[in-house]
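Reader: Could you walk me through reading a structure, feature by feature?

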Amino acid sequence: MIRDYESVRLFPVFKRAMTYVEHFAGNLVNLGDALGRDCNIIAFDICSTQTVGCLKAYRNDGTKNEDWYTYNAEVLSPTKGVVKEIYENPNTNTPGSFTPGRASSVTIEREDGVNIFIAHVKDILVKEGDEVNEGDVIAYGGNNGCSRSPHIHVGAWKGEESLQVEFDLYNMGKIVEEVGESYFLTGYTEEEIKELMKK
């Protein structure tokens with residue numbers, strides 16, 4: 001039987017194109033973790049086996065945090081609200097391994113009582129009690145807590161109910177256009193893309 005979960009649509013957390021992995025029901029159970037998404041900036045990079053670009057979350061071999069596009073990237077507030085809680089973990093993981101523990105995080109409470117949890121951040125720029133708007137830079141991408149590579153986790157809940165997270169793809173499209181980033185069929189005109197899709 002399919003259960004109908006309540007969802008929350010959020011502003012994108014990066015000023016770049018991103019992809020995400022979803023925490024399906026039962027994968028993680030804590031409020032803020034359950035039904036959330038792990039987000040990574042993606043970009044075209046030369047694949048080791050090809051001479052053309054392919055979408056990747058990192059450059060080089062990804063063994064250093066700095067290889068990952070998400071690491072040190074500006075993290076945007078995905079909502080308007082008040083910063084309810086800050087937690088800072090001083091440890092930084094090396095890609096491929098992690099030190100167990102709570103991730104550095106920012107929790108923002110909206111006016112309607114929905115809480116948004118943004119984790120694995122570093123260099124947090126806001127403090128508890130601050131009012132933020134969607135799109136404000138609140139931190140930078142990190143790699144701490146239960147994380148094997150730089151990424152940003154976004155979760156949501158209201159009361160004791162986890163909410164399914166989704167991102168506003170219209171705003172993501174505007175952001176990608178504003179920064180001049182096109183990662184899909186770069187170099188083709190709109191008409192050429194339409195013709196390619198017919199084949």
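Author: Gladly; we will look at strands, salt bridges, pockets and a few single residues in turn. Please keep in mind that this is a predicted model.

Reader: Let's start with the sheet. In what order do the strands of the open sheet E6, E12 and E10 lie, and how do they pair?

Author: A general idea helps here: in a regular strand the side chains alternate between the two faces of the sheet. In this model, 3 strands form an open sheet in the order E6-E12-E10, and the pairing is antiparallel. Strand E6 (74-76) and strand E10 (121-122) are the edge strands, each pairing on one side only.

Reader: How many bridges join E6 and E12?

Author: E6 pairs with strand E12 (residues 137-141) over 3 bridges, in the antiparallel sense. To find the register by eye, look for Glu74, which stands opposite Tyr140 in E12.

Reader: And which strands does E7 pair with?

Author: One partner is strand E11 (residues 131-132): strand E7 (residues 81-87) pairs with E11 in the antiparallel sense over 2 bridges. There, Val82 stands opposite Glu131. Another partner is strand E8 (residues 105-109), again antiparallel, over 5 bridges. On that side Tyr87 faces Ser105, its opposite residue in E8.

Reader: Now the charged side chains. How many salt bridges are there?

Author: The idea is to look for a side-chain nitrogen of Lys or Arg within 4 Å of a carboxyl oxygen of Asp or Glu. By this rule the count is 7 salt bridges. One of them joins Glu166 and Arg9, with the closest N and O atoms 3.0 Å apart. This pair links distant parts of the chain, with Glu166 in strand E14 (residues 161-167) and Arg9 in strand E1 (residues 7-10), 157 residues apart.

Reader: Are Glu166 and Arg9 buried or exposed?

Author: Glu166 has a relative accessible area of 23%, so it is partly exposed. Arg9 counts as exposed because its relative accessibility is 56%. For reference, the exposed class begins over 50% and the buried class lies under 20%.

Reader: We met Glu74 in the sheet. Which residue forms a salt bridge with Glu74?

Author: Lys15 does, and the closest N and O atoms are 3.1 Å apart. Lys15 lies in the loop between E1 and strand E2 (18-22), while Glu74 is in strand E6, so the pair ties together parts that are 59 residues apart in sequence. Lys15 is partly exposed, at 37% relative accessible area, and Glu74 is partly exposed too, at 31%.

Reader: Where does Lys127 find a salt-bridge partner?

Author: At Asp130: the two side chains meet in a salt bridge of 3.2 Å, N to O. Lys127 counts as exposed, with 55% relative accessibility.

Reader: Next, pockets. What is the volume of the largest pocket, and which residues lie nearest its centre?

Author: The general approach is simple: rolling a probe the size of a water molecule over the atoms shows where empty space is left. Here the largest pocket has a volume of about 320 Å³. It is lined by 17 residues, and Asp33, Ala103, Phe117, His120 and Cys146 lie nearest its centre. The elements that give two or more residues to this lining are E7, strand E9 (115-119) and strand E13 (152-158). By class, the lining has 6 nonpolar, 6 polar and 5 charged residues.

Reader: What about the second largest pocket: which residues line it?

Author: Its space is about 170 Å³. The lining consists of Lys80, Gly81, Val82, Glu109, Arg110, Glu111, Glu131, Val132 and Asn133. E7 and E11 are the elements that give two or more residues to it. You will recognise Val82 and Glu131, the pair that stand opposite each other. The lining divides into 2 nonpolar, 2 polar and 5 charged residues.

Reader: Finally, the loops. Is Asn93 buried or exposed?

Author: Asn93, in the loop between E7 and E8, counts as buried because its relative accessibility is 3%. A polar atom of the Asn93 side chain lies 2.9 Å from the backbone oxygen of Gly145.

Reader: And where does Lys64 lie?

Author: Lys64 is in the loop between strand E5 (53-56) and E6. Lys64 is exposed, with a relative accessible area of 52%. The C-alpha atoms of Lys64 and Ser149 are separated by 9.1 Å, although these residues are 85 residues apart along the chain.

Technical notes: Residues numbered from 1 in each chain as written. Predicted model: local features only at pLDDT ≥ 70, side-chain atom pairs only at ≥ 80, totals over all residues. Heavy atoms only, no water. Pairing = 2+ DSSP bridges. Helix = DSSP H or I, 4+ residues; strand = E, 2+ residues; numbered from the N terminus. Buried < 20%, exposed > 50% of the residue type's maximum accessible area, 1.4 Å probe, protein only. 1 Å grid on protein atoms, 1.4 Å probe; cavity = no way out; pocket = protein on both sides within 12 Å on 5 of 7 lines; lining within 4 Å. Points joined across faces, edges and corners; volume = space filled by probe spheres on them. Nonpolar A, V, L, I, M, F, W, Y, C, P; charged D, E, K, R; others polar. Polar contact = N/O pair within 3.5 Å; in protein donor to acceptor, adjacent residues only side chain to side chain.
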